[in-house]
Amino acid sequence: AASHDAEATYGRDAHPHFRLPAYPWQNNDSILQISPEALSTCDNANGPHPLLGTQIRNGDLGWEHHLDTGLVPFLADHRIAGKPIMPGTGFMEMALSAAATHLATREVELRDLDFVQALELHDDACQTVATRIDLETGTVEISSHPRLTDDEPQTHARARFARIPSDHPARREAPPRQEPDDASVRDEIYRLAEKFGLNYGPAFQRVVACREIGDDIIEIELSPPAAGEAQAEAIADEASRFILHPVDFDACFHGLNVIYDRLVFGETKHAYVPVRVGCLRIFAPGRRIDRARIHLASYNTRAARADFELFAADGTLIALAEDVRFRASSLVHRLSLAQAAYHIDQTIHPLPDPAHVSAAPGLDLILGTLEPGDVPSTDAERHEENRLLLEMAARRIAFDVASAIAADDRIIDLG
C-alpha cells in the first residue's frame, strides 16, 4: 500500500477530542405527534383501498376517493345499456371495508343495504366518492359528486353494519366443480345478458358453468381471475386488499340470467338489477370466489329474490348473502315517438382515404345484406313507399303546427 500524508490530504483536524461520560445514555424519543387536523392521505403504508380510497383524517370515520374507468380499469367492463356503471358489489365492498376499519375486524356483516341510485363512470371525468360512518345510527353511507365542482352529492348506497354474531353457523357444503369442456353455457349466459342490455366486458365474463337443480337452485362456477403463474403474486395481493372482490360477487349474479328463458317479457326486455341486500356476512375475507350456489326464493317479470352461498376453491365458505332483491328494469334503448316518426336527423359520413375512395360501403354491398322482399321491385311499390313517407311527413308538420298554436290544454278553438 502506498503511504500518504493524511494531514496534507484531508487537512488538519479542527475538532478537539472529547472523553465520553462513563454512565449509560439517557435516551428520549422525539416523535412528531400527528394533530387531529392533519390529513392522512399520505400516511397509509399499504396505499389507499382501490375503491374506498383513504381515510380523510386519522380517527375520522370518513373516506374519499376519485374514481373513473382509467384509475380502476376493470370498472370499464361493467356496462349497462352501453354505459360504465359502478357495480352494486363495488358499493358492498366499500361499505364492508369502512366497517372493518372501524370495528378492527374483517369478519363483519351488512344489513338492510339499499342501492339508492346508480353511479355512472367516465373515461375523461372523475367522480369524488365519499364514504361516511354514522355512529349514532350504526350506518354507512356512500355518495358522490363530480370532481372539482360544487354539485350536490348524490347518495348511492346505505347500510347498517356490525360484527358477525359468534353463534351464527358458518357451515355450508360447497357444490362440486364440474367445469364443462365447451363454452356453450358461458356463451348462452352472456348472449342473454347482451340481449337484455347488460354489456359485460372480459373482466366480468367469469361464469364457465351453470347448472339448474330443480326450479329453485342454481350452481355456478367461475373462471380464475387471471392466467399464468407470473400473475399469481399480483392476484393474491389484489385479493388481500378486497374483503369481497366485487368482480367475483357480481359474476355470481350472472347465474340469474338462465331464468330469463323461463319468463315471457314480451317486446320490452327487462334485466334484473340488484336493489337491496337483506344481510351479507363475511366469514373468509380476502378470498377469491370459485363457486356459488343460488337459492331462488321467488321470481317473475317484475322482480326476483334469492340467497347466495359463496365458496373458495378449497370449499371454504367465504360469505352468505341473504334476501338479495332484484328489480326488472328496461335497459334496452327504445325509440321515442319523434325517432319513430318521419324526421330529419344527422349522420356522420367517413372521409375518403388518400386514394380518394370513400371508406363508406357501396350500394351493392348494402343491398346484398337485405332480404329480397326488403327492396321495392316495381315502380308501383316505389311510388307507394314515397306516398307513405310524404303522408307521414305531412302529418308530422300538421301536428307541430297545431301544437304551436294550441292552448295549454292542447285544444284548438276553430269557432
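A search of the whole structure, which is a predicted model, finds 9 aromatic pairs. One of them is formed by Phe 196 and Tyr 260, whose ring centres lie 4.2 Å apart with the planes at 20 degrees. Planes under 30 degrees apart count as stacked, so the pair of Phe 196 and Tyr 260 is assigned to that class. The two residues belong to distant parts of the chain, 64 residues apart: Phe 196 is in the loop between α3 and β9, and Tyr 260 is in the loop between α5 and β12 (270-282). Phe 196 has a relative accessibility of 3% and therefore counts as buried. Tyr 260 is also at 3% relative accessibility and counts as buried.

A further pair consists of Phe 308 and Phe 326, with ring centres 6.3 Å apart and planes at 55 degrees, so this pair is tilted. Phe 308 is located in strand β14 (residues 303-311) and Phe 326 in strand β15 (residues 317-330); the pair therefore ties together parts that are 18 residues apart in sequence. Both Phe 308 and Phe 326 are buried. These two residues form one aromatic cluster with Phe 249 and Phe 253.

Phe 249 and Phe 253 are listed among the buried residues of α5. Helix α5 covers residues 246-253 and is mostly covered, with 8 of its 8 residues buried. Besides the two phenylalanines, the buried residues of α5 include Pro 246, Val 247, Ala 251 and Cys 252. Two acidic residues, Asp 248 and Asp 250, are buried in α5 as well.

Helix α3 comprises 12 residues (residues 184-195). At 1.5 Å a residue, α3 should span 16 Å, and the distance of 16 Å between its end C-alpha atoms agrees with this value. The buried residues of α3 are Ile 189, Tyr 190, Leu 192 and Ala 193. Viewed down the helix axis, the buried residues of α3 fall within an arc of 150 degrees, so they line one face of the helix. An α-helix has 3.6 residues a turn, so residues three or four places apart point the same way. The packing partners of the buried residues of α3 are β9 (198-200) and β10 (207-213). Gly 197, which follows α3, has a positive phi, near 95 degrees.

Strand β9 also takes part in an open sheet of 3 strands, in which the order is β4-β3-β9 and the pairing is antiparallel. The edge strands of this sheet are β4 (83-84) and β9, each of which pairs on one side only. Strand β3 (residues 78-80) is joined to β4 by 2 bridges, and the two strands run antiparallel. Ile 80 has Lys 83 in β4 as its bridge partner.

Antiparallel pairing is also found for strand β8 (residues 154-163), which is joined to strand β5 (residues 108-115) by 6 bridges. Within this pairing, Val 108 stands opposite Arg 163 in β8. Strand β7 (residues 139-146) likewise pairs with β8 in the antiparallel sense, over 6 bridges. Here Ser 143 stands opposite Thr 155 in β8. Strands of a sheet pair through backbone hydrogen bonds, either parallel or antiparallel.

Notes:
Residues are numbered from 1 along each chain as its sequence is written. This is a predicted model: local features need pLDDT of at least 70, side-chain atom pairs count only at pLDDT 80 or more; totals for chains, interfaces and linings use all residues. Side-chain values use heavy atoms; hydrogens and water are left out. Helices (H or I, at least four residues) and strands (E, at least two) are DSSP runs, numbered from the N terminus. The expected span of a helix is 1.5 Å times one less than its number of residues. Buried means under 20% relative accessible area, exposed over 50%, partly exposed in between (1.4 Å probe, protein chains only). The arc is that of the directions from the helix axis to the C-beta atoms. Contact means heavy atoms within 4.5 Å. Two strands pair if DSSP finds at least two bridges between them. Rings of Phe, Tyr and Trp (its six-membered ring) pair if their centres lie within 6.5 Å; planes under 30 degrees apart count as stacked, over 60 as edge-to-face and the rest as tilted.
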